[in-house]
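Trainee: I should like to go through the terms applied to this model and see what justifies each of them. May we set each value against its definition?

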Amino acid sequence: MFKNVLSRLLTETFFVERNVRNTPLLRRVAAVSAPVRSFTDVKDEAQPPFDTALLEVLVCPLSKKPLRYEPKTNELINEELGIAYPVIEGIPNMIPQEARLIRKDASDTPAQ
């Protein structure tokens, strides 16, 4: 039985492979090229708006304090810790490792 299955498998595999190579439709499909998008293409597209109603329930995962939305940079800002979480395609990325440190104002630094 094993011998019959093996011989049939080899015969059918060879038959299918031989027919696929000789099919002109597959050669034409393989020759078609698709446009390739790069990361720079995404920047030109308009970002979906952030739903500010989410600010009522979103808090910083580190300090558990409310966040402020900054539309210029499309980020959620935690003033207390000085970090900004990016909003990507309308979805806030609340992973602390992905947050960006923001500079404090010069008035916050102690005078020397």
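Mentor: Buried residues make up 19% of the 112 residues in the chain, where buried means under 20% relative accessible area, exposed over 50%, and partly exposed in between, with a 1.4 Å probe and protein chains only. This is a predicted model, so local features need pLDDT of at least 70 and side-chain atom pairs count only at pLDDT 80 or more, whereas totals for chains, interfaces and linings use all residues. Residues are numbered from 1 along each chain as its sequence is written, and side-chain values use heavy atoms, with hydrogens and water left out.

Trainee: What makes up the pattern of helices and strands along the chain?

Mentor: The chain has three helices and five strands, in the order α-α-α-β-β-β-β-β. Both kinds of element are DSSP runs numbered from the N terminus: helices are H or I with at least four residues, strands are E with at least two.

Trainee: Why is the contact between Arg-68 and Glu-70 called a salt bridge?

Mentor: The term requires a side-chain nitrogen of Lys or Arg within 4 Å of a carboxyl oxygen of Asp or Glu. For Arg-68 and Glu-70 the N to O distance is 2.8 Å, so the pair meets the criterion. Arg-68, at 36% relative accessible area, is partly exposed, while Glu-70, at 19%, is buried.

Trainee: What makes Arg-68, Glu-70 and Glu-79 a network?

Mentor: Arg-68 also forms a salt bridge with Glu-79, with the closest N and O atoms 2.5 Å apart. Glu-79 lies in the loop between β2 (75-78) and β3 (83-88) and Arg-68 in strand β1 (residues 68-70), so this pair ties together parts that are 11 residues apart in sequence. Glu-79 is partly exposed, at 45% relative accessibility. Salt bridges thus link Arg-68, Glu-70 and Glu-79 in a network.

Trainee: How many salt bridges does the structure hold?

Mentor: There are three. Among them is the pair of Glu-75 and Arg-100, whose closest N and O atoms are 2.6 Å apart. This pair links distant parts of the chain, with Glu-75 in strand β2 and Arg-100 in strand β5 (residues 100-101), 25 residues apart.

Trainee: Which class of exposure does Glu-75 fall into, and why?

Mentor: Its relative accessible area is 9%, so Glu-75 is buried. Arg-100, by contrast, has 39% relative accessibility and counts as partly exposed.

Trainee: How do you know that β1 and β2 pair?

Mentor: Pairing requires that DSSP find at least two bridges between two strands. β1 and β2 have three bridges, in the antiparallel sense, so they qualify. Glu-70 stands opposite Glu-75 in β2. The two strands form a hairpin with four residues between them, and Asn-74 in the turn has a positive phi of about 55°.

Trainee: In what sense do β2 and β3 pair?

Mentor: They pair in the antiparallel sense, over four bridges. In β3, Pro-86 is the bridge partner of Glu-75.

Trainee: What makes the largest nonpolar core a core?

Mentor: A nonpolar core is a set of buried Ala, Val, Leu, Ile, Met, Phe, Trp, Tyr and Cys residues joined through side-chain atoms within 4.5 Å. The largest has 10 residues, including Phe-50, Tyr-69, Leu-76 and Met-94. Its largest share, three residues, comes from β3.
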